[in-house]
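Here is a friendly briefing to read alongside the structure. Have the viewer open, and take the topics in whatever order suits you.

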Protein chains: 2
Amino acid sequence: MTQLAAPPHPFDVAVELDSFDAGRFHGHTDPAYANMVGPFGGITAATLLRAVMQHPECLGEPLSLTVNFAGPIADGPYDVSAYPTRTNRATQHWNVELTQDGAVTTTATAVFGVRRQTWSSTEITPPTAPAADSIAPQSFPDAIAWARNYDIRFVEGSIPAPEDGTAGEQPNSTTTLWVRDTPPRPLDFPALTALCDVFYPRVFLRLGRYLPAGTISLTVYFHADSASIAAQSDNAVLGTARTQRFGNGYFDQSAEIWGRDGALLATTHQLVYFKA
Amino acid sequence: MTQLAAPPHPFDVAVELDSFDAGRFHGHTDPAYANMVGPFGGITAATLLRAVMQHPECLGEPLSLTVNFAGPIADGPYDVSAYPTRTNRATQHWNVELTQDGAVTTTATAVFGVRRQTWSSTEITPPTAPAADSIAPQSFPDAIAWARNYDIRFVEGSIPAPEDGTAGEQPNSTTTLWVRDTPPRPLDFPALTALCDVFYPRVFLRLGRYLPAGTISLTVYFHADSASIAAQSDNAVLGTARTQRFGNGYFDQSAEIWGRDGALLATTHQLVYFKA
């Protein structure tokens, strides 16, 4: 009797890297995770984290990741290189680069490390939200292909729909949402990384319309260890994001990703350019 | 008649770099900015930003900076290399590295860019604080040499003094303070960068005692342009910092640096290790 293997999850297809040399990988953009221009930033960030995790010298778990979106990624193949800049007893530092035809499109640094039990305290609290099941999922405009791989249910600050005449300027940039991969997929570090970029540009919400905007630099601090991430299974996580300052063509965004039982899985920050 | 030039400010001495090749510099640790182990992280971050600013190919102003403290910096000379990974029309991306005897101690990425006037909005508000002049400056323990170069006046969350028996566990990690260089020095991007690291480790405040702790990764988002920074002159700025989560040997810190007239100069985030 033939056992048919389940097809891989679209996320795993999108972040797949083939190692062809020590710390060097071939990858390929995936139309399923395309954004309006180039790939969804979250899938690129997840791919670069995965390059480190696939490296034979990788030690420990992700602690922090910074991804700089230096230039557009064209549809098609790309190369990723990852190398440890320094390995300590408990932490390891990495440089990562994504190139196409020899031109750098994306750079990243990552810190991995060993976690051990210590005194702990979560000082902030998750946003108040009704159960995910009680909110209808929201579909995104067709041009945002990647959003079809996520079940997104807005608690606050839904994506504006200017064509409905319902959108307009808002005084507050906060979006809170439930999100999980669709089809459901157990959470891991790369998937959590991608979720950190799932919030649409805050300037859309403030101005009530779409305009050119893109992440320049994204940082993720991983608070969850691998056991805590595994405990999330394929449940929706609760995310909340807001901007502190918009001005001179740029804005920041800070966000939190919360898991079951009030576990703060990640805090994440980004700087975004916009044209208004 | 002989005109004696004013001696350079200690900050400028500490961040001085001598270029010896394209994008390559010699520097030297400065005992005036020493921390308990190695230099003050803020002075290292400022030095790496300055390497980019001194590079003949540098375009625009700092937008974001991420510094990874990979290993200890020994007292003595060091080398810094900085190179642009990609230059666009409006933004430029950089990799920076600090080495000693060929070993990497610190890596950084920076994004520089052109600012242009756009719609702007500061969504957060500065913390409530009495005037800097109404608060006495606080001296730090002698082992923290770098703090003698700053006039620091705590509004909230002063550095614990366990020897006085006044410290103890606190439920909140927030520190708010007025700070300026001493002697006074007009603000610029490197000095603002250093100020982003002026908050002592939040775990000291929560646990009411000193313990081993050090920044692993520091990110700064520069909201101020050079005109706004120049307008600060040598006035004290208002900073506030707090942690979102402590656990498994690490914690994050997010902070804001506010200038005159409610100008948000920078938001900054870091991940810190601790032993408790």
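The expected span of a helix is 1.5 Å times one less than its number of residues. With that in hand, helix H2 of chain B (residues 41–54) is a good place to start: its 14 residues reach 20 Å from the first C-alpha to the last, close to the 20 Å expected. Please keep in mind that this is a predicted model. It scores ipTM 0.96 and pTM 0.97, and chain A has a mean pLDDT of 95, with 98% of its residues at 70 or more.

**Helix H2 in each chain**

- H2(B) is mostly covered, with 12 of its 14 residues buried.
- Among the buried residues of H2(B) are B:Ile43, B:Leu48, B:Leu49 and B:Val52, and B:Arg50 is buried there too.
- In chain A, helix H2 (residues 41–54) also has 14 residues and reaches 20 Å between its end C-alpha atoms, close to the expected 20 Å.
- H2(A) is mostly covered as well: 12 of its 14 residues are buried, including A:Gly41, A:Gly42, A:Thr44 and A:Arg50.

**How the two chains meet**

- On the chain B side, 51 residues are in contact with 50 residues of chain A.
- By class, that side of chain B has 13 nonpolar, 29 polar and nine charged residues.
- A turn of 180° with a shift of 0.0 Å along the axis lays chain B on chain A with an RMSD of 0.0 Å.
- That is the relation of a two-fold axis.
- The same surface serves both copies, and 98% of the contact residues of chain B recur in chain A.
- Strands also pair across the two chains: strand S7 of chain A (residues 121–122) and strand S12 of chain B (residues 245–247) run in the antiparallel sense over two bridges.
- Within that pairing, A:Ser121 has B:Phe246 as its bridge partner in S12(B).

**Strand S2 of chain B and its neighbours**

- Which residues of S2(B) (residues 24–28) point to the buried face? B:Phe25 and B:Gly27 do, while B:Arg24, B:His26 and B:His28 point to the other face and are not buried.
- In a regular strand the side chains alternate between the two faces of the sheet.
- Strand S1 of chain B (residues 18–21) pairs with S2(B) in the antiparallel sense over three bridges, and B:Asp21 stands opposite B:Arg24.
- Two residues lie between the strands of this S1(B)–S2(B) hairpin, where B:Gly23 takes a positive phi near 75°.
- S2(B) also pairs with strand S4 of chain B (residues 77–87), in the antiparallel sense over five bridges; here B:Gly27 stands opposite B:Tyr78.

**Strand S10 of chain A**

- Strand S10(A) (residues 213–222) is mostly covered, as seven of its 10 residues are buried.
- One of its partners is strand S3 of chain A (residues 61–69), joined in the antiparallel sense over five bridges; A:Ser64 stands opposite A:Tyr221.
- Another partner is strand S14 of chain A (residues 264–274), which pairs with S10(A) in the antiparallel sense over nine bridges.
- In S14(A), A:His269 is the bridge partner of A:Thr219.

**Backbone points worth a look**

- Most residues other than glycine have a negative phi, and most peptide bonds are trans.
- The A:Thr182 to A:Pro183 peptide bond is cis, with omega near -5°, and A:Pro183 sits in the loop between strand S9 (175–181) and helix H3 (189–195) of chain A.
- In chain B, the bond from B:Thr182 to B:Pro183 is cis with omega near 0°; B:Pro183 lies in the loop between strand S9 (175–181) and helix H3 (189–195) of chain B.
- A:Asn248 has a positive phi of about 55° although it is not a glycine, and lies in the loop between strands S12 (245–247) and S13 (250–258) of chain A.
- Is A:Asn248 buried or exposed? A:Asn248 is buried, because 22 other C-beta atoms lie within 10 Å and 20 or more are enough to count as buried.
- B:Asp261, also not a glycine, has a positive phi of about 60° and belongs to the loop between strands S13 (250–258) and S14 (264–274) of chain B.
- B:Asp261 counts as exposed because it has 8 C-beta neighbours inside 10 Å, and the limit for exposed is 12 or fewer.

Notes
Residues are numbered from 1 along each chain as its sequence is written. Chains are lettered from A and ligands numbered from 1 in the order in which they are written. This is a predicted model: local features need pLDDT of at least 70, side-chain atom pairs count only at pLDDT 80 or more; totals for chains, interfaces and linings use all residues. Helices (H or I, at least four residues) and strands (E, at least two) are DSSP runs, numbered from the N terminus. Two residues are in contact if their C-beta atoms, placed from the backbone, lie within 7 Å. Ala, Val, Leu, Ile, Met, Phe, Trp, Tyr, Cys and Pro count as nonpolar, Asp, Glu, Lys and Arg as charged, and the others, Gly among them, as polar. Two strands pair if DSSP finds at least two bridges between them. pLDDT is the predictor's confidence in each residue, from 0 to 100. Copies are superposed by least squares on the C-alpha atoms of residues with pLDDT of at least 70 in both.
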